[in-house]
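I opened this entry to keep track of what I looked up. My notes follow in the order in which I made them.

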Amino acid sequence: MALSIHVNGGTEQKQFQEPIENPEFDYSQRGQWLRAAVLGANDGLVSVSSLLMGVGSVKQDVKAMVLAGFAGLVAGACSMAIGEFVSVYTQRDVEMAQMKRDGEKRSPVVDENDRRMEKKERLPSPGLAAGASALAFSVGAVLPLLAAAFIRDHKVRMAVVVVVASVALMVFGVVGALLGGAPVAKSGGRVLVGGWIAMGITFGLTRLIGLNGM
């Protein structure tokens, strides 16, 4: 009897001392909103920065650059919102149709409607996705636009746009990597180099066309 009590007590003590393992966090759950936020901000930053560099390659007037950048911000935000709304709405329709087909194949059960309503509530909202995408694009686009608006010297203005865009691109890349559980250095470097390429190509081609008198 004493041996039995000793064994049971040891087992209970061992079970009490063993730490409970917590399941690893599933970063894929953040995929939907993270994709819209990071892509929207990056698109806004790269698009408006490239636009400012292109206009600045042929015009030194700060007003022309600011107007072009503002037009790019508004047009890009609207485009992102509409594109995200259509994309998410299409995805929602496809998933709703699939749930309907799955429900017709199953034998009728009491809680079938409850399960269908629960799945429907988990579907992404087209309106929220569109608003988040437009907001993220605007946040990214306003950074280089503000950097260019208050600098009169043309060369300094162009340099500041590049610096601000580079810092913001690196920050967006690092934040996206941290939230998504991806390698920080690789993600930040990839976003930064991509932005430099976009700005360089826009600057070069616009200047080439402008010098040819078009």
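How much area does the chain expose, and what share of it do carbon and sulfur atoms supply? I found about 13,800 Å² exposed, with 66% of it supplied by carbon and sulfur atoms. I note here that the model is predicted.

**Entry 1: the whole chain**

I looked up the elements next. The chain has seven helices and zero strands. Read from the N terminus on, the order is α-α-α-α-α-α-α. I then checked burial: 30% of the 214 residues count as buried. For contacts, I took those between residues at least 6 apart in sequence, and 77% of them join residues at least 24 apart.

**Entry 2: the annotated spans**

I turned to the UniProt record, an unreviewed entry. Its annotation "transmembrane region" covers residues 65–89, 127–151, 158–179 and 191–210. I looked at two of these spans in the model. Residues 65–89 are 100% helix and 0% strand, and their end C-alpha atoms are 36 Å apart. Residues 158–179 are also listed at 100% helix and 0% strand, with 32 Å between the end C-alpha atoms.

**Entry 3: the aromatic pair**

How many aromatic pairs does the structure hold? I found one. Phenylalanine 85 and tyrosine 89 form this pair, with 5.4 Å from centre to centre and 45° between the planes, and the pair counts as tilted. The angle fits that label because tilted pairs are those that are neither under 30 degrees nor over 60.

I asked why the two residues are about one helical turn apart. Phenylalanine 85 and tyrosine 89 are separated by about one helical turn because they are four residues apart in helix H3 (residues 62–105). Phenylalanine 85 counts as partly exposed because its relative accessibility is 38%. Tyrosine 89 has 39% and also counts as partly exposed.

Glutamine 91 is in helix H3 as well. With a relative accessible area of 30%, glutamine 91 is partly exposed. I compared its place with that of proline 126: the two are 35 residues apart in sequence, and their C-alpha atoms are 9.3 Å apart in space.

**Entry 4: two serines in helix H2**

Is serine 49 buried or exposed? Serine 49 counts as buried, since its relative accessibility is 1%, and the limit for buried is under 20%. I found serine 49 in helix H2 (residues 31–56). Leaving aside neighbours within four places in sequence, serine 49 is in contact with Pro144, Val161, Ala165 and Met199.

Serine 50 is in helix H2 too. Serine 50 has a relative accessible area of 7%, so it is buried. Which residues does serine 50 touch, not counting those up to four places away in sequence? I listed Ala198, Met199 and Thr202. I also looked up glycine 195, which is 145 residues from serine 50 along the chain, while their C-alpha atoms are separated by 8.3 Å.

**Entry 5: a nonpolar patch**

Last, I looked at the surface. Val193, Trp196, Ile197, Ile201, Leu205 and Leu208 make a nonpolar surface patch of about 590 Å². I picked valine 193 from this list and found it in helix H7 (residues 184–211). Valine 193 counts as partly exposed because its relative accessibility is 42%, and partly exposed lies between 20% and 50%.

Notes:
Residues numbered from 1 in each chain as written. Predicted model: local features only at pLDDT ≥ 70, side-chain atom pairs only at ≥ 80, totals over all residues. Heavy atoms only, no water. Phe/Tyr/Trp six-rings, centres within 6.5 Å; stacked < 30°, edge-to-face > 60°. Buried < 20%, exposed > 50% of the residue type's maximum accessible area, 1.4 Å probe, protein only. Contact = heavy atoms within 4.5 Å. Areas by Shrake-Rupley, 256 points an atom, 1.4 Å probe, with all protein chains shown as cover. Patch = residues over 30% accessible without salt bridge, like charges linked within 9 Å, V, L, I, M, F, W, Y side chains within 5 Å. Salt bridge = Lys/Arg side-chain N within 4 Å of Asp/Glu carboxyl O. UniProt positions renumbered as here; feature names shortened; annotations may be inferred.
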